[in-house]
Amino acid sequence: MTELMEVARHLLSIAMQSHWLLLILFVAAAVDAVFPVVPSEGMVITAGMAAAAGHQNLPLVMAVAMAGSVIGESFCYFLGRGSGPALHRWMKRQERRQQLYDKVSGALHKRGGLILMTVRYIPGARMVATLTAGATRYSFKKFLIFTFFGVTIAYTYVAMLGYLGGDAFAHDQLKGLAFSLSLAAVIGLVVETSRRIANRRRAAKVTGA
């Protein structure tokens, strides 16, 4: 077990010092917008830790992650815009996707693009939201503006978590990574729980009325 931990620490140290880290981060952020299975959040945290250790520049880490995400989400938008009936068939294959599609579609035209900023904190919802924005012909200019603000907030706080973890556990980078990932998970859980409670309260008020 100790040997495995040492190997993990060594690999993490190599990754943080790699000249390819920012390029990998850019690709991960772009792909994550289309295929949510890619762990871009973990990459941003690692890059933030690398900045704390003096191997990377923190503002550059944020900018690279943001650029990759905006490009990936824009690709998803145009994919939704050109897919037409095929997208609707894909949405209907899963009830949750169909419900999210209907919800985002209505919210985009009622409350505006703020939904594009908040939906990224719901697991797996960002891709559906960007596809929906394209499929419903939501203004690309507005889409770009709200997406930019959304990724700025998201990646700033994630990179800062990595930076704080790397700074607090400078003597053990593996512990710093575990701390930052755990803190990100807890924040995500709190946000998602708060959102669900707020939705239930709104639904209860509507039902009561």
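In the predicted model, helix α3 (residues 40-52) comprises 13 residues, for which a rise of 1.5 Å a residue gives an expected span of 18 Å; the C-alpha atoms at its ends are 18 Å apart, in agreement with that expectation. The buried residues of α3 are Ser40, Val44, Ile45, Thr46, Ala47, Gly48, Met49, Ala50 and Ala51. Just after this helix, glycine 54 adopts a positive phi of about 90°.

Helix α3 belongs to a chain that has ten helices and zero strands. In sequence order, the pattern of the protein chain reads α-α-α-α-α-α-α-α-α-α. The protein chain contains 209 residues, of which 41% count as buried. The mean pLDDT of the chain is 78, and 71% of the residues score at least 70. Among the elements, the highest mean pLDDT (91) belongs to α4, whereas helix α1 (residues 2-17) has the lowest (60). Where pLDDT is low, the predicted coordinates should not be read in detail.

Helix α4, the element with the highest mean pLDDT, has 26 residues and extends 38 Å from its first C-alpha to its last, close to the 38 Å expected at 1.5 Å a residue. At the start of α4, a side-chain oxygen of asparagine 57 comes to within 3.0 Å of the backbone nitrogen of leucine 60. Serine 83 is also placed in helix α4. With a relative accessible area of 25%, serine 83 is partly exposed. The C-alpha atom of serine 83 is separated by 7.3 Å from that of alanine 135, although the two residues are 52 residues apart along the chain.

The salt bridges of the model were examined next. Side chains of opposite charge can pair when their charged atoms come close. The count of salt bridges comes to two. In one of these salt bridges, the side chain of aspartate 32 meets that of arginine 126, with an N to O distance of 3.2 Å. Aspartate 32 lies in helix α2 (residues 21-34) and arginine 126 in helix α8 (residues 125-135), so this pair ties together parts that are 94 residues apart in sequence. Both partners count as buried: aspartate 32 has a relative accessibility of 11%, and arginine 126 has a relative accessibility of 12%.

Arginine 126 also forms a salt bridge with glutamate 73, in which the closest N and O atoms are 3.0 Å apart. Here too the pair links distant parts of the chain, since arginine 126 is in helix α8 and glutamate 73 in helix α4 (residues 58-83), 53 residues apart. Glutamate 73 is buried, its relative accessible area being 1%. Through shared partners, the salt bridges join Asp32, Glu73 and Arg126 into one network. Beyond its salt bridges, arginine 126 makes a polar contact through its side chain with the side chain of serine 69, at 3.0 Å.

A further region of note is a nonpolar patch on the surface. This patch, of about 730 Å², is made by Trp20, Leu23, Ile24, Val27, Val31, Phe35 and Val37. One of its members, phenylalanine 35, is found in the loop between α2 and α3. Phenylalanine 35 has a relative accessibility of 52% and therefore counts as exposed, the cut-off for exposure being over 50%.

The backbone conformation of arginine 137 completes the description. This residue is not a glycine, yet arginine 137 has a positive phi of about 60°. Arginine 137 is placed in the loop between α8 and α9 (140-168). At a relative accessibility of 53%, arginine 137 counts as exposed, whereas arginine 126, in helix α8, counts as buried at 12%.

Conventions
Residues numbered from 1 in each chain as written. Predicted model: local features only at pLDDT ≥ 70, side-chain atom pairs only at ≥ 80, totals over all residues. Heavy atoms only, no water. Salt bridge = Lys/Arg side-chain N within 4 Å of Asp/Glu carboxyl O. Helix = DSSP H or I, 4+ residues; strand = E, 2+ residues; numbered from the N terminus. Buried < 20%, exposed > 50% of the residue type's maximum accessible area, 1.4 Å probe, protein only. Expected span 1.5 Å × (residues − 1). Patch = residues over 30% accessible without salt bridge, like charges linked within 9 Å, V, L, I, M, F, W, Y side chains within 5 Å. Areas by Shrake-Rupley, 256 points an atom, 1.4 Å probe, with all protein chains shown as cover. pLDDT = per-residue confidence, 0-100. Polar contact = N/O pair within 3.5 Å; in protein donor to acceptor, adjacent residues only side chain to side chain.
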